[in-house]
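This report is for a reader who is meeting the structure for the first time. Please look over the sequence and the model before reading on.

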Amino acid sequence: RGRASALLSELEAGARGAERLAREREADRRLLADLDRIALPGEDDIGSQDLSLREARRKDAEYRKLFQSLGLEANGPQLSPEGLRTLRGSALSRELAAALDDWAFARRKSGDPEWRHLVRASREVDPDPVRDRLREALLLEPAAPDALRAAVVQDPVTGLPPLTALLAASALEELGARTEAIDLLKKVQMVHPGHFNLSFELGLALEADPAPDWREIARCYTAARAARPRSIEALHRRGQAWDRGGSPRLAADAFAEAVRLEPERAHWRSHLGSMLRKQGDIDSALSAYREGVRLDPGDHELQAMLGESLIQKHLFEEAVVHCRESVRLHPAAAAYWANLAVALGETGSVDEALLAARESLRLDPHSARVHGSLSMELLKKGDVDLAIASAEEALRLDPAHGPSHAILGQALVAKGEIEKALPSFEERVRLEPANPVARYQAAWVNERAGRLDPAIEGYREA
């Protein structure tokens, strides 16, 4: 009976130990989940400066609350000795130290000089010698910047937690050591390709390079979005990177996905329309812009882009409506007045077109395109000499502006100076050899000048 009682006691003790271990594991699981939740951005558009500061303040508040429950003193960011011993003895000491680094990173971003207290705490919690050297260098950074540079060029730096690496990279950037900062982020990101913050911050850092590799940047945001599929800002930046890298089709795919995820947000229709236009798909671009304007009729850029696309499709009456709305919403935009001048001119509203062109030039007197538009409207009014002067000004500003060469030629033809007009039309053919209208006009002038062979050849080419 005594042995049976002892066995029963041992069994009960083992069960209690198993229960305690299970509770500890569950507590660790919940703590890890809390750490992950705080570390990830609370708002998606973290690339904007205002939201970046708001994000830093959010992290500060949430980390403070979490670490208070683990022994942080309420009157400041310093851990009590008991709290330090608890964190140092935890199975999650490495993760907790990285969270302290991330908290320090957030405080540093918001301009709080107290961030160093948190780095000191993370040194106490995580005694690893490589990570300790880096944290020590961070504390010495203002007085001894070379110590931080030396700490991040070591091979074992790839063992850094991602959040610690982000803090170090931020400090390096502030020292002007952008190359070292990016190199650090690249090394750690290769070890942790699934870490959202790391991939996203690496993309932002690479964007600031004087000669960005946009394809590499797009890959960073692709990795960030793979880590956090609901991040539409990573998708946004990936689309912009593909666009700047000369891949409008891939950019259009990204913005089409953004439209699918947020169908009520007009901004994505604007991006999608621009990428479709770059690919020459004006009809699909028009559909995107029209839907964007329906969703947000007060967006002046969308109104202007819709108007410009309608001009491309020669839908001038509809273009006038949206060009007028764009200048009403944003009257200081010279380009919007220029579009309105073109649309009005094509619908026969010459006087209004002249007013719009002159307003555009008042806002931006250096636009060759608008001087050319003004010249065309003056020519329609019969003011030939003014039309010639305006076309000549357009070509002074931009000798390679083909339409202005043609307008100057037309004005000279209207004045009866066929011989003087011919070089203008021939120059447009040279600038735009694939333009059938340019070839037809040059052939017509050659015919009127009695040059039949080049006229026949020009008509054939047109």
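In which helix is arginine 244 found? Arginine 244 is found in helix H12, which covers residues 232-244. The model is a predicted one, and the description below starts from this residue before turning to the whole protein.

**Arginine 244**

The relative accessibility of arginine 244 is 44%, and the residue counts as partly exposed because this value falls between the 20% limit for buried and the 50% limit for exposed. Leaving aside residues up to four places away in sequence, arginine 244 touches Glu207 and Trp214. Its C-alpha atom is separated by 8.8 Å from that of arginine 215, although the two residues are 29 apart along the chain.

**The whole protein**

The protein has 25 helices and zero strands. Of its 462 residues, 47% are buried. Among contacts between residues at least 6 apart in sequence, 52% join residues at least 24 apart.

In soluble globular proteins, nonpolar side chains tend to be buried together. In this model the largest nonpolar core has 126 residues. The members that touch the most other members are Tyr63, Phe67, Leu148, Leu184 and Leu340. For tyrosine 63, the residues touched are Leu35, Ile38, Ala39, Ala99, Asp102, Trp103 and Leu163, again without counting residues up to four places away in sequence.

**The largest pocket**

The volume of the largest pocket is about 780 Å³. It is lined by 24 residues, and the closest to its centre are Ile311, Val342, Glu346, Pro403 and Arg428. Two or more lining residues come from each of helix H16 (300-312), helix H18 (334-346), helix H20 (368-381), helix H22 (402-414) and helix H24 (436-448). H20 gives the most, with six residues. Sorted by class, the lining has nine nonpolar, ten polar and five charged residues.

Valine 413 is found in H22, one of the helices that give two or more residues to the pocket lining. Valine 413 counts as partly exposed, at 21% relative accessibility. Not counting residues up to four places away in sequence, valine 413 touches Ile418, Ala421, Phe425, Trp444 and Val445. The C-alpha atoms of valine 413 and valine 384 are separated by 9.7 Å, with their positions 29 residues apart along the chain.

**Residues in the loop between H2 and H3**

Serine 69 and serine 80 share a loop. Serine 69 lies between helix H2 (49-68) and helix H3 (81-88), and serine 80 is found in the loop between H2 and H3 as well. Is each of them buried or exposed? Serine 69 is exposed, with a relative accessible area of 57%, whereas serine 80 counts as buried, at 10% relative accessibility. A polar atom of the serine 69 side chain lies 2.4 Å from the backbone oxygen of leucine 66.

The table gives C-alpha separations for these two residues.

| Residue | Partner | Apart along the chain | C-alpha separation |
|---|---|---|---|
| Serine 69 | Glycine 83 | 14 residues | 9.4 Å |
| Serine 80 | Alanine 121 | 41 residues | 9.7 Å |

**Two residues in helices H4 and H8**

Serine 93 lies in helix H4 (residues 93-109). With 16% relative accessibility, serine 93 counts as buried because the value is under 20%. Its contacts, not counting residues up to four places away in sequence, are with Leu87, Arg88 and Val125.

Threonine 164 has its place in helix H8 (residues 162-174). Threonine 164 counts as buried, at 0% relative accessibility. What polar contact does the side chain of threonine 164 make? The contact is with the side chain of aspartate 101, at 2.5 Å. Aspartate 101 is also among the residues that threonine 164 touches, together with Ala98, Leu134 and Arg135, when residues up to four places away in sequence are not counted.

**Histidine 314**

Histidine 314 is found in the loop between H16 and helix H17 (316-329). Histidine 314 has a positive phi of about 60°, although it is not a glycine. The residue is exposed, because its relative accessible area of 58% is over 50%.

Methods: Residues numbered from 1 in each chain as written. Predicted model: local features only at pLDDT ≥ 70, side-chain atom pairs only at ≥ 80, totals over all residues. Heavy atoms only, no water. Helix = DSSP H or I, 4+ residues; strand = E, 2+ residues; numbered from the N terminus. Buried < 20%, exposed > 50% of the residue type's maximum accessible area, 1.4 Å probe, protein only. Polar contact = N/O pair within 3.5 Å; in protein donor to acceptor, adjacent residues only side chain to side chain. Core = buried A, V, L, I, M, F, W, Y, C linked by side-chain atoms within 4.5 Å. Contact = heavy atoms within 4.5 Å. 1 Å grid on protein atoms, 1.4 Å probe; cavity = no way out; pocket = protein on both sides within 12 Å on 5 of 7 lines; lining within 4 Å. Points joined across faces, edges and corners; volume = space filled by probe spheres on them. Nonpolar A, V, L, I, M, F, W, Y, C, P; charged D, E, K, R; others polar.
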